[in-house]
Amino acid sequence: MATTSAPVYPANTPIPFDLFVSKKHRALPRGVLGFADSSGNIVFKVNRQDSKSSFSHAKASLLDSAGNPLISLYPHNDGSWQGFKGDGGDKDLIFKVQRVLTKFTRTELEVFLVSENQGQGELTCDLKVIGCHFQRSCTIYKGDSIVAQTSLMHKLRKICVSRSKFRLTMFPSLEDPSLVVALVVIFLFSGPKKFQVLDKIPISI
């Protein structure tokens, strides 16, 4: 039987690259958030730690296609997040995320990279994530440059647009693709909780 190799994400690609985000990928158990390429191959997936308590106390792990942990994401009660390398066991902190605004129509996050803030007395924001959780739409900025964007899968002659699958477009940059995906995951998990009951409702256009 022929075997297929795991898809390799082309880091620092000179052209924009799309991943398709859904919890309904055929290659994954239902409910597991996956990021697939245009051929349907899983590139990244998210494993959420089972917890009987609220998700604010649970860990999420970003894995590659083979199931190796890339970044472990830890949320805090104040809306902030921390991202650690690998499974988080070595406590190798990569970044911190602070939620500065959460409304039904707008969520804003500020990202502080540890590598860029070493030796500095005051932390400086390296990336920003701004968007609307309900529309699955966000833009990741580095200064005035756009690093990545998410958008719904609009189709011609279709009035309602499902929010169960959307596109992540990464633009040419020096940012690690796994970091970008981790920030999108945090954005999805940082939406206003009182509106999460609306998550399965499609958008009319």
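This passage walks through the fold of one chain, from the overall make-up down to a few individual residues.

The model is a predicted one. Its chain carries two helices and 14 strands. Of the 205 residues, 41% count as buried. The accessible surface adds up to about 11,800 Å², and carbon and sulfur atoms account for 51% of that. As for contacts between residues at least 6 apart in sequence, 38% of them link residues at least 24 apart.

The main feature to trace is a barrel. Here, 12 strands close up in the order S1-S2-S3-S4-S5-S6-S7-S8-S9-S10-S11-S13, with antiparallel pairing. Going from one strand to the next, the twist averages 20 degrees.

Part of this barrel can be followed strand by strand, starting with S6 and S7. Strand S6 takes in residues 81-85 and pairs with S7 in the antiparallel sense, over four bridges. Within that pairing, Gly 83 sits opposite Phe 95 of S7. Phe 95 belongs to the stretch 93-102 that makes up S7, and with a relative accessible area of 0% it is buried. Phe 95 also has a distant partner to look at: its C-alpha atom is 9.8 Å from that of Asp 126, although the two residues are 31 apart along the chain.

Asp 126 turns up again in connection with helix H1. Glu 116 is part of this helix, which covers residues 114-117. Between Glu 116 and Asp 126 there are 7.6 Å from C-alpha to C-alpha, for a separation of 10 residues in sequence. Glu 116 has a relative accessibility of 42%, so it counts as partly exposed.

Further along come two hairpins that share strand S10. On one side, S9 (residues 127-132) and S10 (residues 137-142) pair antiparallel through five bridges, and Cys 132 has Ser 137 of S10 as its bridge partner. Four residues lie between the strands of this hairpin, where Arg 136 adopts a positive phi near 55 degrees. On the other side, S10 pairs with S11 (residues 145-152), again in the antiparallel sense and over five bridges. Thr 139 stands across from Gln 149 in S11. The S10 and S11 hairpin has two residues between its strands, and Gly 143 in that turn shows a positive phi of about 65 degrees.

Back in strand S5 (residues 69-75), Ser 72 is worth a look. Its relative accessibility is 0%, so Ser 72 counts as buried. The side chain of Ser 72 comes to 3.1 Å from the backbone oxygen of Asp 87. Leaving aside residues up to four places away in sequence, Ser 72 touches Lys 59, Ala 60 and Ser 61, along with Gln 82, Gly 83, Phe 84, Gly 86, Asp 87 and Gly 88. Gly 83 is thus a contact of Ser 72 as well as the residue opposite Phe 95.

That leaves helix H2, made of residues 177-189. At 1.5 Å a residue, its 13 residues should span 18 Å, and the end C-alpha atoms are 19 Å apart, which agrees. At the N-terminal end of H2, Asp 176 acts as a cap, with a side-chain oxygen 3.0 Å from the backbone nitrogen of Ser 178. As for surroundings, 13 of the 13 residues of H2 are buried, so the helix is largely enclosed by the rest of the structure.

Key: Residues numbered from 1 in each chain as written. Predicted model: local features only at pLDDT ≥ 70, side-chain atom pairs only at ≥ 80, totals over all residues. Heavy atoms only, no water. Expected span 1.5 Å × (residues − 1). Buried < 20%, exposed > 50% of the residue type's maximum accessible area, 1.4 Å probe, protein only. Polar contact = N/O pair within 3.5 Å; in protein donor to acceptor, adjacent residues only side chain to side chain. Contact = heavy atoms within 4.5 Å. Areas by Shrake-Rupley, 256 points an atom, 1.4 Å probe, with all protein chains shown as cover. Pairing = 2+ DSSP bridges. Axes fitted to C-alpha atoms, helices over the stretch in contact; angles between N-to-C directions.
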